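Let's take a walk through this fold together, with the model open beside you. We will go from one aromatic residue to its surroundings, and then on to a strand and its partners.

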Amino acid sequence: MDKQTITIYDVAREAGVSMATVSRVVNGNPNVKPTTRKKVLDVIERLDYRPNAVARGLASKKTTTVGVIIPDVTNLYFSSLARGIDDIATMYKYNIILANSDKNEEKEVQVLNTLLAKQVDGVIFMGNKITEELRAEFSRSRTPVVLAGTVDPDAQVGSVNIDYEKATEDAVTMLIENGHKKIGFISESHEEPINGIYRLNGYKNALEKASLPYEEDLVLQSEYTYKVGEAVYEQLVKAGATATVVADDELALGVLNAALDRGVSVPEVFEIITSNNSKLTSMSRPRLTTIEQPLYDIGAVAMRLLTKLMNKEEIDEKTITLPYTIKSKGTTK
């Protein structure tokens, strides 16, 4: 028998039971006699029967599948969030379809529509910003959506984050208290609200409270890769910076190594605070001082929020802010 074509009917016939009984066994329903359960399970194993999730979804109007859109699957920040999502999904018996959007706005919409075509019950979106096209697709689909590590300034979509503004302000204030007057701020595009609104405001707030001027050449927009660290460090030094806050760990590692390669002592001469506390911060030497985001928890709480939305449970708050700390390691005094 071709296992591609094996159906619940085949299992029922081989086991000499009804299709309803096979369904109860497959779904873990306790109302089946142990001897019958064993007989059905033996046939399932012998025929290598795999329940068709799509067919079950058509019957129940639910596929117990969740789509997760991730902008860069290689970035440890997003992969840590995905771990939290996956663990909670498993706990609630949801399957995950992971889709990489390559930080491309057109591909985000395309990937979302592909997931919706697969009849997913909900979507977790991690991306740079919520474009108008994306927002239109979210509202048109009526499929529950939760943002993880992504902010919706309009607070229309459920989201889980930390307070990026206050975290950045605290990091810059720490560098000011260490005696620095020219402090860099490096992030990806300011079109992304986390960077252009929240983190940048936090940076400006700290300078203002310390009566330090805001200097545009100390604020750099860069891709989040190790290889650009060298160029970024050169720009910081040219602008007279003696310390910097970086919004990504891989980029921060690039900046750190660029400084060390030039014989600059870190943290004695140049200090660095990064933002994600991924495992890279402990692998570098010296270890990177970092804003400690609860990455796994952001993913886990986002998935839990999505389960509530999918099951139409009562929700106290759909914009969730988790706590953070600053973890002093080896790149600050």
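**From a tyrosine to the sheet**

With a relative accessibility of 1%, Tyr-203 counts as buried, because the cut-off for that word is under 20%. Please keep in mind that you are looking at a predicted model.

What does Tyr-203 pair with? Its partner is Tyr-214, and the two rings sit edge-to-face, 6.1 Å from centre to centre with 75° between the planes. Tyr-203 belongs to helix 9 (residues 193-209), while Tyr-214 is in the loop between helix 9 and strand 7 (219-221), so the pair ties together parts that are 11 residues apart in sequence. Is Tyr-214 buried or partly exposed? At 34% relative accessibility, Tyr-214 counts as partly exposed. Tyr-214 also has a charged companion: Lys-204 lies over the face of its ring, at 4.9 Å from the ring centre.

Now add another ring to the picture. Phe-185 joins Tyr-203 and Tyr-214 in one aromatic cluster, and Phe-185 also leads us to the strands, since it stands opposite Val-245 in strand 8. Strand 6 (residues 183-187) and strand 8 (residues 243-246) run parallel as a pair, with 4 bridges between them.

Strand 8 deserves a pause. In a regular strand, side chains alternate between the two faces of the sheet. Here, Ala-243 and Val-245 point one way, Thr-244 and Val-246 point the other way, and all of them are buried. Strand 8 pairs with strand 9 (residues 271-274) as well, again in the parallel sense, over 3 bridges. Within strand 9, Ile-273 is the bridge partner of Val-245. To follow the chain from strand 8 to strand 9, look for helix 11 (residues 249-261): strand 8, helix 11 and strand 9 make a right-handed β-α-β unit.

Let's return to the aromatic rings for a last stop. How many aromatic pairs does a search of the whole structure find? The search finds 5. One of them joins Phe-125 and Phe-138; their ring centres are 6.0 Å apart and their planes meet at 70°, so this pair is edge-to-face. Phe-125 lies in strand 3 (residues 122-125) and Phe-138 in helix 7 (residues 132-141), so the contact ties together parts that are 13 residues apart in sequence. Both Phe-125 and Phe-138 are buried.

How values were computed: Residues numbered from 1 in each chain as written. Predicted model: local features only at pLDDT ≥ 70, side-chain atom pairs only at ≥ 80, totals over all residues. Heavy atoms only, no water. Buried < 20%, exposed > 50% of the residue type's maximum accessible area, 1.4 Å probe, protein only. Helix = DSSP H or I, 4+ residues; strand = E, 2+ residues; numbered from the N terminus. Pairing = 2+ DSSP bridges. Right-handed = clockwise from strand over helix to strand, strands pointing away. Phe/Tyr/Trp six-rings, centres within 6.5 Å; stacked < 30°, edge-to-face > 60°. Lys NZ or Arg CZ within 6 Å of the ring centre and 35° of its normal.
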